[in-house]
Amino acid sequence: MLNPFPELLSFAFLLGPLPLRLVVGAFLITVSVSHFRAKSHGTLSRSRVVLWGGFEFLVGALFILGAYTQVAALAGIAASLVALYFSKMTPALAPYGRWAYVFLGMASLSLLFLGAGAFAFDLPL
């Protein structure tokens, strides 16, 4: 079957990763803010949750800026695996459903191979 809009594919490598990168970054920043605002953290100390929230905030900011996108993608994959592992034991680290973190991992994996896309500080060599 032929593609109905083949001219869009010429810009796909630049514009394709942009919305994915922005959504992943916004999700990580939202999760980190929920860690900072939470009153109770279960069995975890406040400092550990704040440290984890700071990590998620940093990775989310890197995604939104498009800086070190592949490094941020690896950190996003690691964050999603940690959140999936701790989602049953410590819900304070993973406040959203398991499928949200599966999406985060798969979107980060996609960005690892696609790169930053348009409007980013990362440029392909």
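Let's start at V24. Which residues does V24 touch, leaving out those up to four places away in sequence? The list is F63, L104, A107 and S108. One caution before I go on: this is a predicted model.

V24 belongs to something bigger. The largest nonpolar core holds 18 residues. V24 is among those with the most contacts inside that core, together with L28, V59, F63, Y101 and L104. Which elements supply two or more residues? They are α2, 17-37; α3, 46-65; α4, 69-86; and α5, 98-114. The top contributor is α4, with six residues.

There is another core, apart from that one. It has five residues. Among them are L44, V49, W52 and A79.

Now α2, the helix that carries V24. Its length first. The helix has 21 residues, and at 1.5 Å a residue it should span 30 Å. The end C-alpha atoms are 30 Å apart, so expectation and model agree.

Which α2 residues are buried? From the N-terminal end: P17, L18, R21, V24, G25, F27, L28, I29, V31, S32 and H35. Keep the helical repeat in mind. An α-helix has 3.6 residues a turn, so positions three or four apart point the same way. Look at the list again with that spacing: R21, V24, L28, V31 and H35 are all on it.

Next, how α2 packs on α5. Two packed helices are described by the angle and the distance between their axes. Here the axes of α2 and α5 come within 10 Å. They cross at roughly 135°. Why call that oblique rather than roughly antiparallel? Because roughly antiparallel needs an angle over 145 degrees, and α2 is therefore oblique to α5. The crossing is left-handed.

Who makes the contact? On the α2 side: P17, L20, R21, V23, V24, F27, L28 and V31. On the α5 side: A100, Y101, F103, L104, A107, S108, S110, L111 and L114. Our starting residue, V24, is in there, and so are its partners L104, A107 and S108.

Step back to the whole protein. How many helices and strands does the protein have? Five helices, zero strands. Along the sequence the pattern reads α-α-α-α-α. The C-alpha atoms fill a box of roughly 55 × 30 × 20 Å along the principal axes. Of the 125 residues, 38% are buried.

Last, the contacts. Take those between residues at least 6 apart in sequence. Of these, 73% join residues at least 24 apart. The V24 contact with L104 links α2 to α5.

Technical notes: Residues numbered from 1 in each chain as written. Predicted model: local features only at pLDDT ≥ 70, side-chain atom pairs only at ≥ 80, totals over all residues. Heavy atoms only, no water. Core = buried A, V, L, I, M, F, W, Y, C linked by side-chain atoms within 4.5 Å. Buried < 20%, exposed > 50% of the residue type's maximum accessible area, 1.4 Å probe, protein only. Helix = DSSP H or I, 4+ residues; strand = E, 2+ residues; numbered from the N terminus. Contact = heavy atoms within 4.5 Å. Expected span 1.5 Å × (residues − 1). Axes fitted to C-alpha atoms, helices over the stretch in contact; angles between N-to-C directions. Parallel < 35°, antiparallel > 145°, perpendicular 65-115°, else oblique. Left-handed = near helix turned anticlockwise from the far one by under 90°.
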